[in-house]
Amino acid sequence: MEIKRRDFLKVSVAAGAAMALTGPSLNAFAAVPKPLAGEKVSGSTDPGKWIASTCQGCTTWCPVEIFVQNGRAVKVRGNRYSMQNLGYVCPRGHLSLQQVYDPDRIKVPMKRTNPQKGRGVDPKFVPITWDEALNTIADKMMELRKAGESHKYLLMRGRYTYMRDMIYDAMTKIYGSPNNISHSAICAEAENFGAFYTEGMWGYRDYDYNKTKYLVIWGCDPTNSNRQVPLFIKSFGEVLDKATVAVVDPRMQTTASKAHEWLPIIPGQDGALATAIAHVILTEGLWNKEFVGDFKDGKNQFKAGKTVDEAAFVEKETSGLVKWWNIELKDRTPEWAAPITGIPKEQIIRVAKGMGKAAPNVIVWLGPGAAMQVRGGYSAMAIHALNGLLGAVDHEGGTLGGAKQAAEHMPKVDKYQDDIAKKHSKMQKIDQRGYKHLPALHQGKPGDGVVTNNTATGILESDPYDIKMAIGYMNNFTFSCTGAQRWEKAMEKIPFFVHITTNVAEITQYADIVLPAAITKYEKWGFVKQKQNRHAHVSLIQPVIKPMWDVKIDETEIPFLIAEKLKERGFSNLYDYYTHELKDPETGLAPRNAKEFALYSVKYYTYPAWGKEDGAKLGDKINGWEDYRNRGVWNSKPYEYKKRWGGKFGTVTKKFEFYSETLKKALKAHAEKHKTNVDDILETCKYTAKGELAFVPHYEPPFRHGDVKDYPFTFIDYKSRLNREGRSQNAPWYYEFHKVDFGDLSHEDVIHINPADAHKLGIKDGDMVKVTSVSGSFIIKAHLWEGIRPGTVAKCYGQGHWAYGKTASKEFGKTPRGVNNNEIMPFDIERLSGANVRNGGFTGVKIEKA
Amino acid sequence: MPKYGMVIDLQKCVGCGACALACKTENNTQDRAKGQTFNWADFIYKAEGKFPNVKFTAMPVLCNHCTDAACVKACPVTPKAMHKHENGMTIHNMERCIGCRQCQRACPYSSEDVDKSKAAYSVISFNDFSDEVHPFYRDKKEVVAGCTASGAEIAQKAGDIPPHRTLYKHSDYASVRVAGKVEKCMFCEHRVLNGEQPYCVASCPAGARIFGDLNDPNSEVSKALKAHKAVQLANNKGELLKPGEKGTQPNVYYIRGFKVTAKKA
C-alpha cells in the first residue's frame, strides 16, 4: 500500500496535538537527531506467576506451566520439573490460549426450544439456570429408572482426565446402565492389539530413542503426535546423528523429510513389508540371540521357502519363532514384497539388514497408520513382532513398558448399586461389542473392548435396544467418527441428549440441554497418568485462572450436582458414594458441595504421589499437597531395562509370542461363545486367514471401499499437528499456521495430488476438484505435491466444521469451512480390536475437475 | 559491547511452529490482515525433487537485525524510528514512527503485501491507519445470542486486548502496537536486557535456536558458527546470500540441513 497524503496529515495533526501535551518526547520531525548513546534503553516483563497444570491438546499430556498476569493466562511452557517434556511444549501448548479465550465459548446452560433435530436445523437454544438444567436431567433419569429402563441411558465420553471414573464409570454403574461408551476406539486400540498379542501389554510403548542405533517410524509422525511430542522434537536432531532413521509412510511427513530412509509404502501393505523384513532378518541370521535364542547347532536353517524343524531351535524369551517361520515367513521374500508394497527390494533388504546389525538397540515405532485398518490387527502384530526378533523389547535403546504410577484407583461401587443397578449395568452394551462380527478382544477377553463408532449402529438399529437418554462430554462423534453422517442420523434419533461442552459443537446441535464446561488446563481440577523418557508421571490439572463464565467441571462437579438432584428425588446412592468414598485424604472430611468434591476427589486420587510413602518409593519425593500443587507433577524412577525378561510378559506363555497362544485363546473363546470356529469368526470379521495363520502375525491384503475401476485413487487421511483433538479449529492461529503441516497452505484446506497424476487429469495447482467416495463427495482445492505417492491423494484432518464457532465454520450451524475427512471416509471397524478404521487405503476415491 | 545474533540449526528444527506461536503469545501480535503477516517469527517451506526423491525444507525466519540495516537507512524521521542499538539489535521506536512504510520497502526481507509479491513472509508489518489492532477481540457477534460470548465480551471479561496479552515494558516499544505504525521482531530486547533469551529461543522444543554475542568467541553462537558452515538469507523468497555476498549483513545464520546429511549406517 502506498502511503496517502491524507493519512500523513492525520498523523501529523495527531503528533502535533500530542506534542503540545507531552512536550518534545514525540519529536518525530525534529531536525537534529538525538544521539543514541545518550538514550537509556530499558525493558522488563511485568510481574506474574508461573502456575503448573497439564496440557491435554494431545495424549502426550504434557506437564506445563502457565504464566498468569493480573489473573489472565498469557503464556505456556513445559513444566520444569517434568522428566517427560523436559520443560518444553509443542505448538499446541501455545495454541490453547485461544481456546480458553475463545469468543464463542458457551457462557451459561442452554435448552433447546426447537423440537426438530437435524443438520442445519437451528436448535433455537435459550439460556437457562443450572438449577433448571439439572432438574430436567434428574427428572429424565428418574423416569427411566422407574420404567425399568435405566439401561437405555448412555454416557459418551470424549477427552478425559483420570477423574473420568466419577462420571463415566461410577455414575453409570450406580445409576444402572451398561452404557458407558468411551471415545478410545476412534483412534487407537488396533495399535494396542499388536502389542498385546505379542508381548502382552495393552498399552502404548515407551521408546528409548536417545540410546537407539536404528529407529523405524511406522505409520505415524512422532514430531506431530503419538504421545511424546516435545520430547521427540527435542531429541530428534541428535538421534539423526547417532542412529539411522527410517520412516514408513505413504506421505512425506516431518520425520520422513528429515530421515535417512523414506519408505513410501502403498497404503495398507504394511503387513507385507513387516513380514519381508522379518524374513530377511531370519535368513541373514540377524535376530537377537540373547532374546530369541538360537539353533542347537548354531547353524542358521532359515532358508527361503524351506520349513524348519521346531526342535532344532531353542528359544529364550520368546515363543513360537519356528512356527511363525513355517506358517508365514518362509515365503515372504523381499522379491515377493517389493511389487506389493511399492518399496524396492534393495531398500527392504538394506533397512532389514541395518535393523539387524543395530539389534538390540533398535526401535520399531508402530503407529496408527499401520494398524487402524480393516485388516490391521495382524499388521500391527507383525510390525511389533520385529521388536521381539531384534531383542529390542525392554532393552536399552529399544521399546519399553511403563513404570508404576503413584495414584489411587476408583473406590468400589458394588455396595452402592441397588438391584436395578446390579441387573441393568450388566446388560449388553449399545456398541454391540461381543456380537459375532465384533469380537473386540480387549486384553484377551472377547467382547471387552469398546467399539466406539459402532455405537451409532446400535442406536440406529435399536439393537440391542433403543437409547432414550444420552449424556456426552467433550465428545463430538458427529464430527470425529468416520462415516460422520451416520452419527447425525443416530443423534436425531435420541429423544433426550445432554451435551457437556465448551463450544457449540456439531453434536451439540442435537442437544436438548447444553451444560457449559470448564476448559481443561486452565479452569478445572483433574489429573492424568502418562509415560515417556522411561519415566511415568502423575500430572495435576488445576485452575490457573478464575473460570471465564458460569462453567463447571465435566467429570466431577457436574455428576455431583446430578447426584444431589437424584437424592432430592429419593435416589441417594450416587450421592452416598461420592460423599462416603471420596473424602479429603488429609482431613477425612466429606465433600459438602460440588466444588469441594472436585478438589477432594483429585486429592484422593493423587494422594499416593504426594501424601503417602508409595510416591517417594516409586519416584519423586513430594512434601504434601501444596508442594504438589507448586510442582504440578510427580515423576517415577526410570523404568528398569529387561524388566519383563525371564518369563514375565503378560502373555499366556509369559514369553514374547511369535505364535500367539494369547490370541488363540481369545479367538477360540469368542468362537465358542458363538458356537462356531475361528475360521468362521475371521471371515465374519473381513479377514482372509484360515487355520494356523490366525495365530501368527501375517500378511492380509488390504480391504478397500470402492473398486479401483470406479474409484481409482486411494485416499489418505492425516492429522494437523495443530489439532488439539478437533478442538483448536475455532482458533485463528490454527489457520494462520496451517503451513506447518508439511505440504499444506495457511488459511486453506487442500487435497494433495502427485503432479504426475494431476497432469493426467488436466489438473493444475489451485484448481478446484470434486472428490467422491462411496460415502460422500466434496469440492476442494487441489495442491500438487511431490511428497505423495502417485495413485494416492492425501488430505489433512481437522477442518470441515459446520458448527463449533464462527472461525471454525464458514457459516455457523450451516456451512462448513473446509472439508471433514470423516464425511468422505466410510464407517468401518477393525473388528478384532474394535478400533475405528482410518488408514490402510480403505477409501477409494474418484477425482474430477470441478 | 555485545553484538547479538542468532544461529538456527536446521537439523534440529522440525518446522513445528512452536517458536512462532510462542512469539505471538509473548509479543501479542495480531492476526494476519491486508497482505501483512504480523508474525515476527515465521517460516519458509520449500519442496524440491520428484517422488520418491523429494526434499522438503523448513526454515524459521525473523528479522535479521542486519549490521547494514536498509530499514534504518530508509527511515526518514529524526531521530530515526528504526534504529540500531549498541548491542546490534535493530529496534523500532513506536512513538517516532510516522507509518510511512519506507523501512518496509527498503528491507530485502519485507513486502508491503506478501500475497501480491508472492513472498513467504515479511519481517516488517504495517498496522493500517484505519483499523484498530486486534479486531478479532473487538467483534461483538454472538453465535448463539445470549448464550455464547463474543470477541469483545471475552476481552472485556479478561481485562485486556488480546485477552492473553503478555504485559511488558520497553523504552522503545509497547507490548501491543497501535494503528498507523509498522512493527517487527525486536529480538525480545525487553527480555534480553534482563538476562533472558528471546522467547522464540526459550520456547523452541528442538533447541534449534541459539542466541548470543557474535563478538564473544566463547558464546554458543560463535561456537556453532565455528563448527558448521553457515548460510544467510538474501530475501524473503528463501534465496540465500552467495559466498562472498554481503547483502545487508544479516545477523541470523543457518547451519546444517533440514534433511539429515550424515551417512547411513
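**Close-up views of a two-chain predicted model**

**View 1. Helices H4 and H19 of chain A, packed side by side.** In this predicted model, helix H4 (residues 130-146) and helix H19 (residues 557-568) of chain A pack with their axes 9 Å apart, at an angle of about 60°. That angle falls in neither the roughly parallel range (under 35 degrees) nor the roughly perpendicular one (65 to 115), so H4(A) counts as oblique to H19(A). As for the hand, H4(A) and H19(A) make a right-handed crossing. On the H4(A) side, look for Leu134(A), Asn135(A), Ile137(A), Ala138(A), Met141(A) and Met142(A); they meet Leu561(A), Ile562(A), Lys565(A) and Leu566(A) of H19(A). Sort the residues of this contact by type and you get eight nonpolar, one polar and one charged.

**View 2. The open sheet of chain A, with H4(A) lying across it.** Here seven strands of chain A line up as E6-E5-E20-E19-E18-E7-E8, in an open sheet with mixed pairing. Which strands stand at the edges? They are strand E6 (125-127) and strand E8 (180-181) of chain A. Each has a single partner strand, so one side of each is left without a neighbour in the sheet. Further in, strand E18 (residues 469-473) and strand E19 (residues 496-501) of chain A run parallel and share five bridges. To find your place in that pair, start from Met469(A), which stands opposite Phe496(A) in E19(A). The helix from View 1 turns up again: H4(A) lies across strand E5 (110-112), strand E7 (153-157), E18, E19 and strand E20 (513-516) of chain A. Against E20(A), H4(A) runs at about 125°.

**View 3. A second helix pair in chain A, H9 with H13.** Helix H9 (residues 270-283) and helix H13 (residues 345-358) of chain A cross at roughly 60°, and their axes come within 9 Å. That makes H9(A) oblique to H13(A). The crossing of H9(A) and H13(A) is right-handed. H9(A) brings Leu273(A), Ala276(A), Ile277(A), Val280(A) and Ile281(A) to the contact. From H13(A) come Ile348(A), Ile349(A), Val351(A), Ala352(A), Lys353(A), Met355(A) and Gly356(A). By type, the residues of the contact between H9(A) and H13(A) come out as ten nonpolar, one polar and one charged.

**View 4. A six-stranded barrel in chain A.** Follow the strands round in the order E25-E29-E26-E28-E27-E34 (chain A) and the barrel closes, with mixed pairing. Neighbouring strands are turned by 45° against each other on average, direction ignored. Where does the parallel pairing of E25(A) show up? It is with strand E29 (residues 792-797) of chain A, over six bridges; Ile716(A) has Ala794(A) in E29(A) as its bridge partner. E34 supplies antiparallel pairings. Strand E25 (residues 713-719) and strand E34 (residues 844-849) of chain A are antiparallel and share two bridges, and Phe713(A) stands opposite Val845(A) in E34(A). Strand E27 (residues 768-772) of chain A also runs antiparallel to E34(A), with four bridges joining them. In that pairing, Val769(A) stands opposite Lys849(A) in E34(A).

**View 5. Where chain A touches chain B.** How many residues does each chain put into the contact? Chain A gives 85 residues and chain B gives 80. The largest share of the chain A side, seven residues, comes from helix H7 (residues 229-242) of chain A. Split by type, the residues on the chain A side are 47 nonpolar, 17 polar and 21 charged. There is strand pairing between the chains as well: strand E1 (residues 43-45) of chain A and strand E7 (residues 168-170) of chain B pair in the antiparallel sense over three bridges. Within that pairing, Thr45(A) has Tyr168(B) as its bridge partner in E7(B).

**View 6. Zooming out to the two chains.** Chain A has 27 helices and 34 strands, and its C-alpha trace spans about 95 × 80 × 60 Å along its principal axes. The radius of gyration of chain A is 28 Å, which agrees with the value near 29 Å for a compact globule of 850 residues. Chain B has seven helices and eleven strands. Its radius of gyration is 19 Å, close to the 18 Å that the globule rule gives for 265 residues, so chain B is as compact as a globular protein of that length. Along its principal axes, the C-alpha trace of chain B spans about 65 × 50 × 35 Å.

Notes:
Residues numbered from 1 in each chain as written. Chains lettered and ligands numbered in written order. Predicted model: local features only at pLDDT ≥ 70, side-chain atom pairs only at ≥ 80, totals over all residues. Contact = placed C-beta atoms within 7 Å. Nonpolar A, V, L, I, M, F, W, Y, C, P; charged D, E, K, R; others polar. Pairing = 2+ DSSP bridges. Axes fitted to C-alpha atoms, helices over the stretch in contact; angles between N-to-C directions. Parallel < 35°, antiparallel > 145°, perpendicular 65-115°, else oblique. Left-handed = near helix turned anticlockwise from the far one by under 90°. Rg over C-alpha atoms; globule rule 2.2 N^0.38 Å.
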